[in-house]
Every structure is written in C-alpha cells, then in structure tokens.
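Work through the exercises below with the sequence and the 3D view open. Try each task before reading its solution.

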Amino acid sequence: MSDFAPATTETPSSNVKGAGQGMLFGFWYPALRSAEVRGRRLKQAMLLRVPLCIGRDARGHAFALHDSCPHRGMPLSFGHFDGDTLECCYHGWRFEPKTGQCREIPSLTARDKLRVDRIFATSFACEEQDGYIWVYLPDPEDRHPGSRPPLAQDPLPVCPRLPIFSPRYRITRLSAELPCHVDHGIIGLMDPAHGPFVHQAWWWRSRQSIHEKEKVFEPIPNGFRIRAHTPSSNSAFYRILGVYGEPITTKIEFVLPNMRFEEIRCGAKWFSSRTTVTPISAERCRIDFCAAWNVFRRAPFIVPVFRLFGRMFIRQDQRTMEKQALGLKHNPSLMLIDDADRPAKWYFQLKAAYCESKRTGQPMQHPIAGPVTLRWRS
Ligand code: FES
Ligand SMILES: [Fe+2]
C-alpha cells in the first residue's frame with residue numbers, strides 16, 4: 001500500500017545524466033511573460049538554475065542568452081542592447097543576440113590574431129506562445145560553450161501551446177512562486193486528495209462534500225490522462241455550467257516535464273487551461289496558470305471575476321506549499337499511498353523512464369501499461 005516517496009531533491013533520476021537535482025533538461029519552459037519584456041530592455045530570468053538574459057531584437061523577436069559573458073562571466077543582462085548587438089558592461093565585447101556570436105572586442109589591436117567570430121555567448125532557442133516567452137533548455141552536454149558555434153541539433157520538440165477550440169475566446173494568466181523543489185510543486189498539482197482541505201470554498205467544495213470517486217486513467221506519450229468524464233457534482237462551478245443544458249465533460253492530462261492540461265466541454269462551449277510548474281532552482285519553482293474559454297464570454301467583468309477566483313485558488317496552494325516547505329526543510333521521510341497518490345508515483349516513474357531512455361538512447365518505456373481505474377475519496 002505505501003511507498004517511499006522519492007520526492008526530496010534526491011529523486012531517483014537525480015544521478016542520471018541531464019537530470020541534475022531532479023530537473024529535466026531537453027524541454028521548453030516558460031521563462032517570462034511576454035509583456036514583461038519590452039523595447040530594448042534586458043530582463044533576467046532563471047530556469048533550472050540556468051541564469052538567462054532575455055530581450056527583444058529590433059523586429060520584436062525574443063532572444064535568450066546564458067546570462068554570463070564568455071569573457072569573464074559578467075551577467076550580460078547588465079549590458080546595453082542597441083536593437084542590433086548586445087554590449088557587455090565590463091569590457092564592451094559585443095554579441096549578436098540570437099546566435100550569441102561575438103562581433104567586436106574593443107581591446108584588440110590590428111596586430112591581434114584572435115578570431116572574434118569564433119567566440120559565442122551561449123544562446124538558447126526561444127519562442128513566444130500564449131503570452132509567455134518559452135526557452136528550450138537542452139541537456140548541458142548539448143549546450144555549446146562560449147568558444148564554438150551552436151551544435152547542429154535534432155529538430156527541437158514543438159513549443160507547447162494551449163488548446164483553443166473557437167476563434168473567439170477570453171484568456172488570462174496567473175502565476176505564483178513556490179518555495180519548494182519542482183517535484184513537490186508538481187505532485188501538489190496532480191494530488192486529488194487536498195481539494196476539500198486546501199480549497200474549501202462555497203463555490204468549490206467542502207469537507208462535507210467528500211465522496212468516493214472513480215476515474216479511468218490511461219497512458220499518453222510522456223504522461224497520462226484522466227479519460228473524459230462527467231465532472232464532480234460537488235462543485236458549484238460545474239453546476240453553473242449546467243445553465244447551457246448540455247452534457248458537461250472534463251478531461252485532464254499530465255505531460256512531462258511539468259504540464260497539466262484541463263479541458264471542459266459543454267456543447268460548443270469550452271474552457272481550456274494549462275498549469276505548468278517550472279523549476280527555477282533546487283528550492284524554488286513557479287506555477288504558471290493560463291486559461292482560455294468561450295463560456296460566458298460576453299458576461300461583463302468575466303475576466304476580473306475569473307482572476308479573482310483563480311488567484312484565491314492558487315494562493316491557497318501557495319500558502320500550503322509555504323507551510324509544507326517548513327516541514328520539508330528537516331528532510332522527513334515521506335510516503336505515497338494508493339490510489340490517491342498513484343499519479344504522483346507515475347510522475348516519478350515517468351521521469352525515471354525518460355532519463356533512462358536518454359541514457360540508453362532506447363525508446364522510453366512507459367510505466368503505465370494500459371487503462372487503470374483509480375478510486376479515492378475527495
Ligand atoms: S566580462 Fe564581458 S567583456 Fe569582459
Ligand atoms: Fe491545489
């Protein structure tokens with residue numbers, strides 16, 4: 001029944017190549033909100049303990065460089081960007097921001113033989129999607145050091161995108177930092193049993209509303225899905241959706257490294273959300289919640305009202321994690337129980353399987369063989 005939770009920073013994968021401190025390289029992560037990066041200003045960000053310098057070129061396209069000058073390690077984000085090249089604030093070396101290629105070293109004389117164009121600041125693939133600047137973090141061994149150009153790579157995986165089901169919709173984004181390792185953030189995200197205790201609210205659920213649930217989970221590439229089902233009757237939110245008089249279904253998916261998608265359909269009406277928990281450092285992660293919908297699209301104040309509830313919900317999780325972090329500081333032994341913690345166990349197994357496939361070059365062995373029914377009370 002019980003299982004030891006490998007949920008401290010010493011996850012089973014933490015000694016596997018490319019998975020330093022239980023963080024998974026080889027994926028896209030949201031680094032900043034698009035709106036935070038304007039004009040020629042350079043912004044700092046941190047993903048998987050990698051400091052980043054993020055900006056926009058003259059055409060408005062985002063770029064991401066390792067926030068460290070290849071000369072003597074000065075953060076490039078303290079430098080100056082003129083829309084074309086980025087100048088380090090220490091000795092004025094200039095870099096092209098998309099490739100990181102060095103364009104000029106002011107201290108060189110005509111007699112110097114150093115090939116400036118062979119020097120590179122480390123650059124990262126960068127894309128904008130759903131109002132976030134996403135950065136692809138390759139395995140550290142695939143990253144090019146400052147002395148050579150980027151390595152030719154296999155095509156990158158597609159940058160994640162929130163599923164949208166009609167041309168007109170509303171969209172909003174919320175985020176919160178958590179003072180814990182990403183693993184705790186993620187298993188908190190997929191934990192079905194905390195709802196009635198952490199998210200007690202008249203419009204959601206209460207202790208009195210606890211009842212037995214049974215859901216079918218099935219494997220999907222890099223993750224698992226709760227099959228489309230009629231949502232829990234103990235939630236006022238779903239009862240409100242009942243005004244449309246159409247059957248309501250909800251589908252939830254978890255996909256490595258850190259994404260939970262939820263899709264609610266009610267005839268032509270829909271609600272779609274994605275929650276990511278992004279590792280910043282070994283003790284810090286960030287929840288980014290992005291939701292789009294066409295339900296009650298014309299209702300006045302729908303976005304602020306939704307944000308109010310959303311923020312309350314995320315704040316409840318954040319407070320809980322802040323308290324849990326106080327306990328985790330003492331490195332307690334932990335347990336994961338069936339069936340309520342089974343998704344958490346699958347998360348660790350998926351991570352381990354992913355790292356193993358990277359190590360061996362073999363296809364990933366999915367830890368879930370086929371559909372499984374889980375039962376719990378919440
Ligand atoms: S540290 Fe950047 S130019 Fe010297
Ligand atoms: Fe929660």
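**Exercise 1. Decide which geometry the four donor atoms around the iron ion (ligand 2) make.**

Solution. This is a predicted model, so treat every value as computed.
- Step 1: list the donors. They are His194 (NE2), His199 (NE2), Asp317 (OD) and Asp317 (OD), at 2.1 to 2.5 Å from the iron ion (ligand 2).
- Step 2: read the angles. The four donor atoms subtend 55 to 153 degrees.
- Step 3: apply the cut-off. Four donors count as tetrahedral if all angles lie between 85 and 135 degrees. Square planar needs opposite donors over 155 degrees apart.
- Step 4: conclude. The angles run from 55 to 153 degrees, so the arrangement is irregular.

**Exercise 2. Place the donor residues of the iron ion (ligand 2) in the sequence.**

Solution.
- Step 1: write the spacing. It reads H-x4-H-x117-D.
- Step 2: map two of the residues. His194 lies in the loop between helix H1 (182-189) and helix H2 (195-198), while Asp317 belongs to helix H4 (residues 302-328). These two are 123 residues apart, so the pair links distant parts of the chain.

**Exercise 3. Are His194 and Asp317 buried or exposed?**

Solution.
- Step 1: recall the cut-off. Buried means under 20% relative accessible area.
- Step 2: compare. His194 has 17% relative accessibility, so it counts as buried. Asp317 has 19%, so it counts as buried too.
- Step 3: look at H1. Seven of its eight residues are buried. Among them are His184, Ile186 and Leu189.

**Exercise 4. Find the edges of the open sheet in the order S2-S12-S11.**

Solution.
- Step 1: note the pairing. The three strands pair antiparallel.
- Step 2: look for single partners. Strand S2 (27-33) and strand S11 (126-129) each have a single partner strand, so they stand at the edges, with one side of each lacking a neighbour in the sheet.
- Step 3: add the twist. From one strand to the next it averages 35 degrees.
- Step 4: check one pair. S2 and strand S12 (residues 132-137) are joined by six bridges. Tyr29 has Val135 as its bridge partner in S12.

**Exercise 5. Which residues of the largest nonpolar core touch the most other members?**

Solution.
- Step 1: name them. Leu52, Ile54, Val135 and Leu137 do, out of 50 residues.
- Step 2: find the top contributor. Helix H5 (residues 342-360) gives seven residues, the most to this core.
- Step 3: inspect Leu52. Beyond four places in sequence, its contacts include Ala31, Leu65, Phe124 and Val135.

Note on methods:
Residues numbered from 1 in each chain as written. Chains lettered and ligands numbered in written order. Predicted model: local features only at pLDDT ≥ 70, side-chain atom pairs only at ≥ 80, totals over all residues. Heavy atoms only, no water. Core = buried A, V, L, I, M, F, W, Y, C linked by side-chain atoms within 4.5 Å. Buried < 20%, exposed > 50% of the residue type's maximum accessible area, 1.4 Å probe, protein only. Helix = DSSP H or I, 4+ residues; strand = E, 2+ residues; numbered from the N terminus. Contact = heavy atoms within 4.5 Å. Donors = N, O, S within 2.8 Å, 3.2 Å for Na, K, Ca; no water. Tetrahedral: all angles 85-135°; square planar, octahedral: opposite > 155°, others 65-115°. Pairing = 2+ DSSP bridges. Axes fitted to C-alpha atoms, helices over the stretch in contact; angles between N-to-C directions.
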